[in-house]
Amino acid sequence: MNNIQKTLIIALMALATSVFAQHDEQVTIEGTYRPKVNKVNKLLLKPDAPTSIISLPDTEVQPMETTRKFDIDLDKINPLALSLKNATDVTPAENFLMAGIGTRISPLFLYKHNSMLTKNTGIGVGVKHFSSWLNIKDYAPSGFMNNAFDVSVTTKKFDNLQLGGKVYYENDVCHYYGVNQAETPLSDAEIETFCPRQAYNAIGAKFDMQTTSTRLGEFAHRADFDYHYFFDKVYGQSEHSAALNYGISYSDNWWGNKENPQKVGADVTAHYDYLMAFNRLFTKLNPYFEMKGDFYRLRAGFKMFATFSDYDDKQFLICPDLKGSLFVLNKKLEFYAILGGGQKLLTYSEIADENPFVARWVPLQNQCENLTFEGGVRTNILQTVDLHLGVRYRHADEDMFYGTLTENVYSEGCVIMLNNRFVPIFDETNTVSVLGDMRWLILDNLTADLNLAYSHCTPSKLAHPLYRPAFEGKLKVKYGFNEKLAFNASVLYQNGRYGMDDCSVSVLNLYDFNSEVKLKDVIDIALGADYKINDQMAVFAKIDNLANCKYQLFYNYPVTGIQLFAGLKMTF
């Protein structure tokens with residue numbers, strides 16, 4: 001860490017010690033069920049399906065989430081109630097149906113049912129299918145299929161408790177080439193033999209509970225339990241994962257204004273994972289104290305982590321949990337600071353969801369952040385603008401990257417080198433990021449969201465932080481032409497990304513710097529339109545990757561090019 005970075009961190013920590021508190025954001029709640037499209041398909045449909053009654057959702061076009069793990073979208077302070085002219089309320093309905101078809105004969109089907117069995121008990125059913133029927137032979141992927149089914153039940157009141165439960169099944173199949181056909185031409189038979197085809201199945205259940213009483217002087221409880229079984233058909237690997245989270249808190253007016261009570265509480269987590277005949281147990285204890293006033297929020301506590309595994313020594317970590325906000329100008333301006341850190345149990349299912357072609361698994365390490373700091377300012381002084389500027393620092397002992405695995409295969413007496421598999425690489429990193437986020441209500445029927453992020457990540461062994469952009473920007477615009485017709489557009493730009501084109505299994509820990517390559521900049525443009533026929537029916541159209549930019553999510557895995565999609569949405 002250079003002197004400039006050290007000076008910046010010391011200055012920001014000084015701000016944290018003066019205003020440690022938990023900033024109190026409002027967020028937009030989306031439906032828990034929406035189509036999850038594999039990110040390499042470069043298509044993202046986001047129908048907002050509410051958890052109780054269903055209204056006709058907007059179909060928002062935006063660039064594919066190639067950067068979801070980098071988290072550049074910042075929370076806004078009291079987001080503006082932005083609404084387009086066509087976003088009027090519709091007659092509530094119990095059923096939502098979305099069906100469409102795209103280029104390469106890619107059908108999409110989504111159905112969601114929500115209804116009340118009794119006055120306090122609701123049930124939900126969801127079904128999803130999305131696939132490609134035509135192979136894509138120019139570049140990856142060649143085909144994919146995603147299926148999902150879930151059933152959920154929610155009880156609003158049960159002896160001062162709210163209970164919820166969900167069971168689900170997911171099936172994902174994808175086939176990428178991962179081979180540059182211009183450099184390594186393969187026949188259809190060789191592609192079928194040597195190029196990866198992957199199939200995953202997941203079955204699981206989630207349950208949650210929380211007390212409904214909000215009276216002072218009473219204990220509040222909340223708990224959730226999540227179990228899933230994840231199976232990889234190609235390698236025959238499976239994972240059992242079970243996580244239990246429990247929180248207890250007590251609020252009372254020990255001093256000050258009765259409208260601003262104080263709170264003490266503790267959160268406890270236990271996460272067990274069984275993978276490749278290895279057992280892992282992750283535990284966390286987080287006691288805290290919270291208080292708030294007319295112009296401040298404060299949270300002070302600490303986190304203790306302990307991890308036990310069959311293939312590693314016991315790991316312990318203690319880090320602060322300090323958050324603070326200071327509000328001025330009638331709460332239209334907020335200064336905030338957060339000092340923390342932590343550990344996370346990295347699971348096979350999470351990595352396979354992000355990169356389905358990670359091969360020859362090595363024992364997974366924990367994601368360990370020894371120290372994190374966030375500081376910044378949020379404001380909505382201008383009635384039509386939400387603005388957020390922030391800086392972040394992160395020191396991670398075990399940051400995970402993807403290295404390309406080189407495999408030699410033999411075809412008709414010739415040796416073919418294939419770089420179409422990946423292995424996890426762990427490295428120590430220091431990252432400093434500067435971020436900006438703005439939402440602007442330009443006109444009553446025109447809104448714009450802009451996100452910018454610049455990050456400087458310094459790995460200890462690798463030459464560059466693989467597949468992470470140095471600069472990233474997103475722009476999303478929505479325009480309501482009239483009460484029936486609305487348009488939306490989005491642009492994603494990234495630069496400074498590096499990949500790896502060679503990583504031998506025998507030298508995984510040597511980190512061959514010469515094998516890193518700079519990837520092409522990302523320019524992704526998407527356009528969409530919605531036309532509401534009536535309160536129950538609408539049609540939509542999308543054009544994705546309008547510039548036909550063949551950038552690579554991972555080395556040798558470019559996204560699909562320009563795509564057109566159209567369909568129908570119904571509530572009934």
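**View 1. Arginines sitting over tyrosine rings.** Arginine 299 lies over the face of tyrosine 288, with 4.0 Å to the ring centre. Everything in these views comes from a predicted model. Another arginine does much the same job of covering a ring: arginine 378 lies over the face of tyrosine 336, this time 4.2 Å from the ring centre.

**View 2. A nonpolar patch on the surface.** Here's a greasy bit of the outside: Tyr246, Val268, Leu285, Phe302, Met304 and Ile318 make a nonpolar surface patch of about 500 Å². Zoom in on methionine 304 and you'll find it in strand E11, which covers residues 296-309. Is methionine 304 buried or exposed? Neither, really: methionine 304 has a relative accessible area of 31%, so it's partly exposed.

**View 3. Two aromatic neighbours, edge to face.** There are 18 aromatic pairs in the structure. One of them joins phenylalanine 295 and tyrosine 296 in an edge-to-face arrangement, with 5.3 Å between centres and 70 degrees between the planes. Both partners get some daylight: phenylalanine 295 is partly exposed at 46% relative accessibility, and tyrosine 296 is partly exposed too, at 24%.

**View 4. An aromatic pair that bridges the chain.** Tyrosine 402 and phenylalanine 554 also pair edge-to-face, with centres 5.4 Å apart and planes at 85 degrees. How many residues apart are they in the chain? The answer is 152, so this pair links distant parts of the chain, with tyrosine 402 in strand E15 (residues 385-411) and phenylalanine 554 in strand E24 (residues 552-554). Tyrosine 402 is buried, at just 1% relative accessible area, and phenylalanine 554 is buried as well, at 6%. Pull back a little and the two turn out to belong to one aromatic cluster, alongside Phe357, Phe422, Tyr467 and Tyr557.

**View 5. Cysteines without a bond.** Don't go hunting for disulfides here, as a search of the whole structure turns up 0. Why does cysteine 368 go without one? Its closest cysteine sulfur belongs to cysteine 319 and is 8.5 Å away, which is too far for a bond; the cut-off is 2.5 Å. Cysteine 368 is tucked away, counting as buried at 8% relative accessibility. Cysteine 549 is buried too, with a relative accessible area of 8%.

Key: Residues are numbered from 1 along each chain as its sequence is written. This is a predicted model: local features need pLDDT of at least 70, side-chain atom pairs count only at pLDDT 80 or more; totals for chains, interfaces and linings use all residues. Side-chain values use heavy atoms; hydrogens and water are left out. Patches are made of residues with over 30% relative accessible area and no salt bridge: like charges are joined within 9 Å, nonpolar side chains (Val, Leu, Ile, Met, Phe, Trp, Tyr) within 5 Å. Accessible areas come from the Shrake-Rupley method with a 1.4 Å probe; for residues, only the protein chains shown count as cover. A salt bridge is a side-chain nitrogen of Lys or Arg within 4 Å of a carboxyl oxygen of Asp or Glu. Helices (H or I, at least four residues) and strands (E, at least two) are DSSP runs, numbered from the N terminus. Buried means under 20% relative accessible area, exposed over 50%, partly exposed in between (1.4 Å probe, protein chains only). Rings of Phe, Tyr and Trp (its six-membered ring) pair if their centres lie within 6.5 Å; planes under 30 degrees apart count as stacked, over 60 as edge-to-face and the rest as tilted. A charge sits over a ring if NZ of Lys or CZ of Arg is within 6 Å of the ring centre and within 35 degrees of the ring normal.
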